[in-house]
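Trainee: I have a model open and would like to go through it with you. Where should we begin?
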Amino acid sequence: MGQLGSILPLILLVVVFYFLLIRPQRKRQQEATAMQNSLAPGARVMTTTGLFGTVVAVDNEDVILEVAPGIETRWVKAAIGRVVTPGDAPADESLADEPVVDDVVTDDTVDHEVVKGDDKDNTPREETETTVERNGGKDSSTKQS
């Protein structure tokens, strides 16, 4: 009886692990395989990478998708994530209805530098005036050399 009492929690853990993790994953995998095998020309699909397209032809393990008018690409059936129904809207379209607000960023720090001299004749530059404003113009300094 003592050995059964020590093995019972381990057996219970394996059973719970099976029903919570293994079984649902296997069911999702079977549903995805059934969906990929039922693809037909004309179906609107989304790949696992998020590319939308229309099925043009189905070969053995390949699907030819038209991603834009006249542009066809070949994909493996396993790369098809889901079939998009006409009622499904891509996530980008729902954001298109919201107004766009432009944020304007202003910077109070202004740097001015006036430099005299010509770079072509290798003469040293003469710095005549530099103005730096900080903290909204409260602290400014002027440097001349």
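Mentor: We should begin with a definition: a residue is buried under 20% relative accessible area, exposed over 50%, and partly exposed in between, with a 1.4 Å probe and protein chains only. At 43% relative accessibility, Ile7 therefore counts as partly exposed. Ile7 lies in helix H1; helices (H or I, at least four residues) and strands (E, at least two) are DSSP runs, numbered from the N terminus.

Trainee: What kind of model is this, and how are residues numbered?
Mentor: This is a predicted model, in which local features need pLDDT of at least 70 and side-chain atom pairs count only at pLDDT 80 or more, while totals for chains, interfaces and linings use all residues. Residues are numbered from 1 along each chain as its sequence is written, and side-chain values use heavy atoms, with hydrogens and water left out.

Trainee: How many helices and strands does the protein chain have?
Mentor: The protein chain has 2 helices and 8 strands. Read from the N terminus, the order of its elements is α-β-β-β-β-β-α-β-β-β.

Trainee: What share of the protein chain is buried?
Mentor: Of the 145 residues in the protein chain, 13% are buried. The chain exposes about 11900 Å², and carbon and sulfur atoms supply 55% of that area. Accessible areas come from the Shrake-Rupley method with a 1.4 Å probe; for residues, only the protein chains shown count as cover.

Trainee: Back to Ile7, please. Which nonpolar surface patch does Ile7 help to make?
Mentor: Ile7 belongs to a nonpolar surface patch of about 1000 Å², whose other members include Ile11, Leu12, Val15, Tyr18, Phe19 and Ile22. Patches are made of residues with over 30% relative accessible area and no salt bridge; like charges are joined within 9 Å, and nonpolar side chains (Val, Leu, Ile, Met, Phe, Trp, Tyr) within 5 Å.

Trainee: How many aromatic pairs does the structure hold?
Mentor: The structure holds 1 aromatic pair. Tyr18 and Phe19 form that pair, which is edge-to-face, at 5.3 Å centre to centre with 80° between the planes. Rings of Phe, Tyr and Trp (its six-membered ring) pair if their centres lie within 6.5 Å; planes under 30 degrees apart count as stacked, over 60 as edge-to-face and the rest as tilted.

Trainee: Are Tyr18 and Phe19 buried or exposed?
Mentor: Neither term applies: Tyr18 counts as partly exposed at 34% relative accessibility, and Phe19 counts as partly exposed at 47%.

Trainee: A change of topic. How many salt bridges does a search of the whole structure find?
Mentor: The search finds 2 salt bridges, a salt bridge being a side-chain nitrogen of Lys or Arg within 4 Å of a carboxyl oxygen of Asp or Glu. Arg74 forms one with Asp59, with the closest N and O atoms 2.8 Å apart. Arg74 lies in strand S4 and Asp59 in the loop between strand S2 (52-58) and strand S3 (62-68), so this pair ties together parts that are 15 residues apart in sequence.

Trainee: And which salt bridge joins Arg74 and Asp62?
Mentor: Their side chains meet at 3.3 Å, N to O. Because Asp62 lies in strand S3 and Arg74 in strand S4, that pair ties together parts 12 residues apart in sequence. Asp59, Asp62 and Arg74 are thus linked in a network of salt bridges.

Trainee: How exposed are the residues of that network?
Mentor: Arg74 counts as exposed at 52% relative accessibility. Asp59 is partly exposed at 36%, and Asp62 is partly exposed at 25%.

Trainee: What about Lys77? Which side chain of opposite charge is nearest?
Mentor: That is Glu61, 5.4 Å away; Lys77 is buried yet has no salt bridge. For charge, Lys and Arg count as positive and Asp and Glu as negative, while His and the chain ends are not counted. Lys77 is found in the loop between strand S4 (71-76) and strand S5 (80-83).

Trainee: Which residues does Lys77 touch?
Mentor: Not counting residues up to four places away in sequence, Lys77 touches several residues, among them Gln36, Val58, Asp59, Glu61 and Asp62. Contact means heavy atoms within 4.5 Å. Gln36 is found in helix H1 and is buried, with a relative accessible area of 13%.
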